[in-house]
Amino acid sequence: MTLLEFLHLFTGGVIIATFLITLVRLTLGPTLLDRAVASDVIAVGAIGLTALVAVATKRDDVMVLTIIFTLIGFLYAVTIGRFSERVDRQKRILTPDEARAEHRRLLREAQAELHAEERQARQAARASQPAEKEEL
C-alpha cells in the first residue's frame with residue numbers, strides 16, 4: 001500500500017466519521033436550522049467522498065456526481081434560508097428541563113388565577129349578605 005492509497009483511505013474514513021457525527025446532529029437537532037446545517041455538511045461530505053472516489057479510481061466521469069451534489073446542496077441551503085422564519089421562543093421544541101419549568105410556570109399562573117377568582121366570589125358573597133338581611 002502506497003502513501004497515496006493510505007491517504008485516500010484515511011480521508012475516506014474521516015469523511016465517513018463526519019457523516020456519522022452529522023447524522024446525530026441531524027436527528028437530535030432541536031431547531032430546523034440545526035438540521036439544515038447538518039444536511040449541508042452531509043452534502044459537502046458527499047461531494048468530498050465522490051471527488052475522492054473519482055481521484056482514487058482515476059475516473060473523470062464520476063465528477064458529474066460532484067456537480068449534482070453541489071447543486072442539490074446549494075439549492076437546499078437557499079430554500080431553507082428563504083422559507084425559514086425567525087423562530088419564536090415558544091414555537092421551538094423545548095428541552096425536557098425547559099418543558100418542566102414551563103409546565104410549572106403555567107400551573108402557578110393557573111392556580112393564582114383560580115385563587116383570585118375564589119377571592120372575588122367570596123367578596124361578592126359577603127357584599128350581598130348584608131343586603132339580604134336588610135330585606136328580611
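Which residues are buried in H3? In this predicted model, the buried residues of H3 are Thr66, Gly73 and Ile80. Seen down the axis of H3, these buried residues fall within an arc of 70 degrees, so they line one face of the helix. The face turned away from that buried side has its own set of residues: Ile67, Leu71, Ile72, Phe74, Leu75, Arg82 and Phe83, which are exposed. As for what sits over the buried residues of H3, the cover includes H2.

The length of H3 can be checked too. This helix runs over residues 63–83, and at 1.5 Å a residue its 21 residues should span 30 Å. The end C-alpha atoms of H3 are 31 Å apart, which agrees with that expectation.

Stepping back to the whole chain, there are four helices and zero strands. Read along the sequence, that gives the pattern α-α-α-α. Of the 136 residues in the chain, 15% are buried. The chain exposes about 11,000 Å², and carbon and sulfur atoms supply 66% of that area. Turning to contacts with a separation of 6 or more, residues 24 or more positions apart account for 39% of them.

Thr50 offers a look at H2, the helix made of residues 32–57. Is Thr50 buried or exposed? With a relative accessible area of 10%, Thr50 is buried, because the cut-off for being buried is under 20%. Leaving aside residues up to four places away in sequence, Thr50 touches Val62, Leu65, Thr66 and Phe69. One of these partners, Thr66, is itself among the buried residues of H3.

Now for the charged side chains. Side chains of opposite charge can pair when their charged atoms come close. How many salt bridges does the structure hold? The count is five, and several of them can be followed along helix H4, which covers residues 96–135.

One of the pairs in H4 is Arg100 with Asp97, whose side chains meet in a salt bridge at 2.4 Å, N to O. Arg100 and Asp97 are three residues apart, about one turn of the helix. Arg100 counts as partly exposed at 44% relative accessibility, while Asp97, at 54%, counts as exposed.

Further along H4, the side chains of Arg105 and Glu109 also meet in a salt bridge, again with 2.4 Å from N to O. Here the two residues are four residues apart, which is about one turn of the helix. Arg105 is partly exposed at 31% relative accessibility, and Glu109 is partly exposed as well, with a relative accessible area of 43%. This pair belongs to a wider arrangement: Glu102, Arg105 and Glu109 are linked in a network of salt bridges.

Another bridge in the helix joins Arg122 to Glu118, with the closest N and O atoms 3.8 Å apart. Both residues lie in H4, four residues apart, or about one turn of the helix. Arg122 has a relative accessible area of 46% and is partly exposed; Glu118, at 33% relative accessibility, counts as partly exposed too.

Definitions and conventions:
Residues are numbered from 1 along each chain as its sequence is written. This is a predicted model: local features need pLDDT of at least 70, side-chain atom pairs count only at pLDDT 80 or more; totals for chains, interfaces and linings use all residues. Side-chain values use heavy atoms; hydrogens and water are left out. Buried means under 20% relative accessible area, exposed over 50%, partly exposed in between (1.4 Å probe, protein chains only). Contact means heavy atoms within 4.5 Å. Accessible areas come from the Shrake-Rupley method with a 1.4 Å probe; for residues, only the protein chains shown count as cover. The expected span of a helix is 1.5 Å times one less than its number of residues. The arc is that of the directions from the helix axis to the C-beta atoms. A salt bridge is a side-chain nitrogen of Lys or Arg within 4 Å of a carboxyl oxygen of Asp or Glu.
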